[in-house]
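Colleague: Please show me the model, and then let us discuss some of its features in turn.

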Amino acid sequence: MNLITLENICKSYSEKTLLDNIKLNITDEDKIGIIGVNGTGKSTLLKIIAGVENCDSGSIIKMNGLKINYLPQELDFNGKDTVMEAVFKGDLEVMETLRQYERVVGELQTHSGDKNLQEQLFRLNSKLDALNGWQIESEAKSILTKLNITNFSQRMGELSGGQRKRVALCNVLISPCHLLILDEPTNHMDNELIDYLEELLKSRKSAVLMITHDRYFLDRITNKIFEVDNGNLYSYVGNYSTFLEKKMERIAMLESLEKKRQNLYKNELAWIRRGAQARSTKQKARIQRFEEIRDSKIEVKDETVEINTASSRLGKKVIEAYNISKSYEDKVLIKDFTYIVTKEDRIGIIGSNGIGKTTLLNVLGGRLKPTTGEVVFGETVKLGYFTQENTDMNPNLRVIEYIKEVAEYITTADGSKITASQMLERFLFEGSMQFTFISKLSGGEKRRLYLLKVLMEAPNVLLLDEPTNDLDIETLTILEDYIDNFNGSVIVVSHDRYFLDRIINKVFSFEGNGEVLQLVGNYSDYREYKETVIDESIEEKVLVEKKNKNLEKNKNDKPIKFTFKEQKEFEEIDDKIEAKELELEEIQDQINKCGSDFVLLQELLSLESKLKEDLEFLMDRWTYLNEIYEQIQASKK
């Protein structure tokens with residue numbers, strides 16, 4: 001069933017044409033992802049479809065009674081509303097009733113004896129029964145809890161930007177609709193929340209139209225991709241992987257057509273230069289055809305963008321962190337963290353929101369002092385720090401002025417020179433865009449410009465804090481290719497699973513209580529490791545339960561006693577634990593004294609890890625043997 005059709009939609013801002021005769025239609029079975037460079041009109045297209053912005057020309061045909069739910073990037077909220085009041089925002093009768101119900105419940109908490117409020121509550125209860133509103137309320141609380149919003153009476157003005165976005169997301173998810181429109185729903189979400197949202201959208205029966213730069217998210221949900229490019233809209237059936245294949249086929253076809261046009265143009269140009277005279281009708285027609293061929297150039301975008309800027313020389317010593325801990329009052333974010341960064345490291349820091357990822361990045365970057373421990377930097381280290389906020393951008397500067405503050409030109413790895421203007425072109429700021437004031441740029445364009453400035457400073461250690469937020473896929477691809485050829489260390493905080501799989505070779509995972517798990521591999525390797533650990537934990541639990549049942553059975557059937565082997569182990573276990581603890585203390589003393597001897601430190605850290613595993617095993621055996629001993633003593637009474 002067709003939900004909405006757009007015909008010849010045009011939209012411009014000042015002299016910039018965003019949408020030029022766009023045509024599209026959306027059916028009730030579509031799950032569509034919109035992609036394109038920031039500033040090309042993706043969000044504008046969503047606003048036009050959602051009905052919150054008008055087009056300059058064209059027509060929009062909607063199904064009768066079409067209900068659209070829209071999640072914008074910029075949220076409009078009342079800071080005094082509670083979370084539940086904001087969730088039930090909407091013009092449907094059931095949503096209005098739920099909103100009134102939440103307001104009355106809140107007022108009764110301070111005016112419990114108010115009979116008028118009690119009567120209102122009774123009427124609203126009856127109305128919600130009739131509208132089946134309790135199911136929506138239950139679903140709202142379930143989704144909010146899954147999205148880590150648990151204080152339902154908290155005011156919206158007290159929430160962070162990411163929390164407000166999740167409340168608004170819950171609002172559009174629980175409201176019945178035919179078409180769900182989402183603008184960057186995964187921004188500021190951790191991987192666990194993104195996984196949850198994936199499952200929700202995959203099982204959803206309504207059509208979905210969304211902008212996201214999360215390529216795994218696109219791959220797993222969409223069955224269509226719309227690409228906005230230079231005012232045009234290209235439609236592809238399939239998910240993101242299929243889009244990549246079909247786009248390459250389209251580009252190859254355009255290149256072939258352009259090559260044929262150029263050959264034909266050369267032949268016709270040679271004929272014109274031989275002195276063709278426009279005396280006959282045939283000659284006039286041929287001259288006209290030449291002019292048409294000349295003017296019909298096919299624009300084929302160069303997809304191979306390379307940034308091979310020269311980085312500063314980096315010595316063997318990069319960043320060394322020893323026994324780092326960081327606390328705020330009673331909250332421990334980082335506990336006893338030790339690591340020596342190498343030149344080849346591509347480290348991804350992952351974990352849930354608010355757990356300490358950015359704190360660790362700031363400590364490693366020297367922006368924060370640890371509560372205990374120390375961070376030592378190599379003398380040649382030159383940090384490039386890409387933060388979550390573009391704090392140093394002067395809105396009154398033009399784009400090219402902002403970049404020229406760093407350098408008029410840069411030297412590439414092969415020694416050639418590239419001007420600031422050429423670098424801007426490589427970062428998709430072409431022509432007149434370079435003379436646009438920063439205040440006129442979109443949020444994504446500002447992020448792209450800020451990233452370029454960081455890279456132009458020729459760092460040899462890159463610290464990236466959520467670089468994929470608000471960056472389009474094409475810019476992310478440029479960044480990924482840059483990192484491939486980057487001759488230095490990279491440490492990144494990110495929730496973008498595709499980006500992490502693409503660039504990292506080590507994972508720092510916050511596991512809770514300040515513990516940071518260090519693992520070699522990319523994000524998929526980490527997921528596989530965690531699933532294996534969980535499976536082993538479940539298997540071990542089943543074995544323990546089975547053993548306990550057997551012990552209980554043995555208790556009833558015959559007297560409990562140690563086997564010969566268990567008796568010997570029980571007698572020796574305390575001495576073994578004490579010896580292992582002493583051995584571990586010696587190794588930890590050596591770690592603290594080894595300084596910058598990287599090879600020795602790695603050996604000692606590996607040995608420390610092995611000793612901790614051995615000690616943990618011995619403690620488990622001690623617990624098991626003492627439980628049997630206690631049962632033996634109890635059976636004698």
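The questions and answers below concern a cavity and a salt bridge.

Modeller: This is a predicted model, in which local features need pLDDT of at least 70, side-chain atom pairs count only at pLDDT 80 or more, and totals for chains, interfaces and linings use all residues. Residues are numbered from 1 along each chain as its sequence is written, and side-chain values use heavy atoms, with hydrogens and water left out.

Colleague: How much space lies in the largest cavity?

Modeller: A cavity is a set of points on a 1 Å grid over the protein atoms alone where a 1.4 Å probe fits but cannot get out. The search of the whole structure finds one cavity of 30 Å³ or more. The space in the largest cavity, taken as that filled by probe spheres set on the points, is about 120 Å³.

Colleague: With which residue does lysine 11 form a salt bridge?

Modeller: A salt bridge requires a side-chain nitrogen of Lys or Arg within 4 Å of a carboxyl oxygen of Asp or Glu. For lysine 11, the closest N and O atoms of the pair are 3.7 Å apart. The pair links distant parts of the chain, 42 residues apart. The partner of lysine 11 is glutamate 53.

Conventions. On a 1 Å grid over the protein atoms alone, a cavity is a set of points where a 1.4 Å probe fits but cannot get out, and a pocket is an open set with protein on both sides within 12 Å along at least five of seven lines; lining residues have an atom within 4 Å of a point. Helices (H or I, at least four residues) and strands (E, at least two) are DSSP runs, numbered from the N terminus.
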